Amino acid sequence: MVRFTVLASGSKGNCTVVTGGKTRILVDAGLSCRELFRRMRLADEDPATLDAIIITHEHSDHVAGLAVTARKLGIPVYFTEGTHRAWVRWLSPRRQMTYSQWLEQCRSQAVALMAETDAPTIEDCDPEEAEAACEESDLEAGRDNSEQPEQAHSKKAKKKEQKDPAWLPRVEYFQAGESLQIGDISVSPFTIPHDAADPVGFVFQAEGVRMAVATDLGYMPPNVKAQLKRVDLMLLESNHDLEMLRDGPYPWSVKQRVLSRVGHLSNEATATYLESEYDGQATYVILGHLSESNNLPELARISAERALSGRASLLANRLLLAGQHQPLEPILF
Ligand SMILES: [Zn+2]
Ligand SMILES: [Zn+2]
């Protein structure tokens, strides 16, 4: 089964569930854990069956519920290294901790934790293994509290979780341009132009179905256009109406940022892409990340409809709008 469910899309939170075969991936965790689970249930998705979380970039509308959700489910989180570093920095602003200091702290905490068990010492491991050991031993400690020594262990781990807001059960790195496999789903991450540390979009492929996520981009560079070829579904940004943004409530500096080449795609830019560069092959085109201050769903829809006119049919280019406040009906292939 292949299924694509947008739980939320917009500047107040982004989350999508991609299902392929037996694997379920949460793309971004920009809602609180509680709201995320509520919406999953509304969309007939069971949160307990999620296998992994993958992150596009570290802006809060994409990561707000990340730590709590990953810890609650005990599942790995996939980041680029740059995004992970930025996220860690974002969570530790007062301590002014650098990434290497954070890694060092993780290692020394692993040493302290292991000293209380019979696990191998940190000296036996290389740095990456030490980091993984740190994460794994914490997860196990967090789960097993049936016996006395483990109870003490568990308390230690809990304390550490509280102390380190960036603690995650498991972290996996990927790089833009290098495909990776998560269970039954193959993932192709690609760079997008946006004002974040190392932002990416994705093409997910399962059972021959290709689904693209491309939001939060200032313009459509050639690499993104290439990635969006031959997809069966695309979630594409249609952030603002240029006139509404120009006349809208944002301060000039913010308007400049949104309009810049590392900001967001306007209805007009999306329409230009759909009209002149898009290959017309997707069954579903979903418009997403619509601004609530500088756009109206009808404006985004009309603009894309015009661009797709002549291409829409029962078999291709069905146009949908992803909203901020409720999940979109799951799309099944
Ligand atoms: Zn965003
Ligand atoms: Zn962003």
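**Exercise 1. Determine which residues of helix α3 are buried and what they pack against.**

Step 1. In this predicted model, helix α3 spans residues 66–73, and its buried residues are L66, A67, T69 and A70.

Step 2. The elements that these buried residues pack against are two helices, α1 (33–42) and α2 (60–63), and two strands, β4 (52–54) and β5 (77–79).

Step 3. Directly after α3 comes G74, whose phi is positive, at about 65°.

**Exercise 2. Establish how strands β2, β3 and β4 are joined.**

Step 1. Start with β2 (residues 15–20) and β3 (residues 23–27): they run antiparallel and are joined by 5 bridges. Within this pair, G20 stands opposite T23 of β3.

Step 2. Look at the connection. β2 and β3 make a hairpin that has 2 residues between the strands. In its turn, G21 has a positive phi of about 60°.

Step 3. Move to the other pair. β3 and β4 run parallel, with 3 bridges between them. L26 has I53 of β4 as its bridge partner, and V27 has I54, also in β4.

Step 4. Trace the chain between these two strands: the path goes from β3 through α1 to β4, a β-α-β crossover that is right-handed.

Step 5. Check the burial of β3. Of its 5 residues, 4 are buried, so the strand is largely enclosed by the rest of the structure.

**Exercise 3. Place these strands in their sheet and explain why one side of β6 and of β14 is left without a neighbour.**

Step 1. The sheet is open, has 7 strands and shows mixed pairing; its order is β6-β5-β4-β3-β2-β1-β14.

Step 2. At the edges stand β6 (171–173) and β14 (331–332). Each has a single partner strand, so one side of each lacks a neighbour in the sheet.

**Exercise 4. Describe the open sheet that contains β7 to β13, and the helix α12 that packs on it.**

Step 1. Its 7 strands follow the order β7-β8-β9-β10-β11-β12-β13, again with mixed pairing.

Step 2. β7 (180–182) and β13 (318–321) are the edge strands, each pairing on one side only.

Step 3. On average, neighbouring strands here are turned by 20° against each other, with direction ignored.

Step 4. Inside the sheet, β10 (residues 209–214) pairs with β11 (residues 233–237) in the parallel sense, over 4 bridges. One of the partnerships is that of A214 with L236 in β11.

Step 5. Helix α12 (residues 297–308) packs on the sheet and touches β12 (284–288) and β13. The direction of α12 makes about 165° with that of β13.

**Exercise 5. Find the residues with the most contacts inside the largest nonpolar core, and list the contacts of M234.**

Step 1. The largest nonpolar core comprises 74 residues. I53, A212, A214, M234 and L235 have the most contacts inside it.

Step 2. Take M234 and leave aside its neighbours within four places in sequence: its contacts are A212, A214, L228, A282, V285 and I286.

**Exercise 6. Decide where the coordinates call for caution.**

Step 1. The average pLDDT of the protein is 86, and 81% of the residues score at least 70.

Step 2. For residues 115–150 the pLDDT is below 50. Beyond near neighbours in sequence, this stretch has 46 contacts in the model.

Step 3. Predicted coordinates should not be read in detail where pLDDT is low.

How values were computed: Residues are numbered from 1 along each chain as its sequence is written. Chains are lettered from A and ligands numbered from 1 in the order in which they are written. This is a predicted model: local features need pLDDT of at least 70, side-chain atom pairs count only at pLDDT 80 or more; totals for chains, interfaces and linings use all residues. A nonpolar core is a set of buried Ala, Val, Leu, Ile, Met, Phe, Trp, Tyr and Cys residues joined through C-beta atoms within 7 Å. A residue is buried if 20 or more other C-beta atoms lie within 10 Å of its own, exposed if 12 or fewer, and partly exposed in between; C-beta atoms are placed from the backbone. Two residues are in contact if their C-beta atoms, placed from the backbone, lie within 7 Å. Two strands pair if DSSP finds at least two bridges between them. A crossover is right-handed if, with the strands pointing away from the viewer, the path from the first strand over the helix to the second runs clockwise. Axes are lines fitted to C-alpha atoms, for helices over the stretch in contact, and angles run from 0 to 180 degrees between N-to-C directions. pLDDT is the predictor's confidence in each residue, from 0 to 100.
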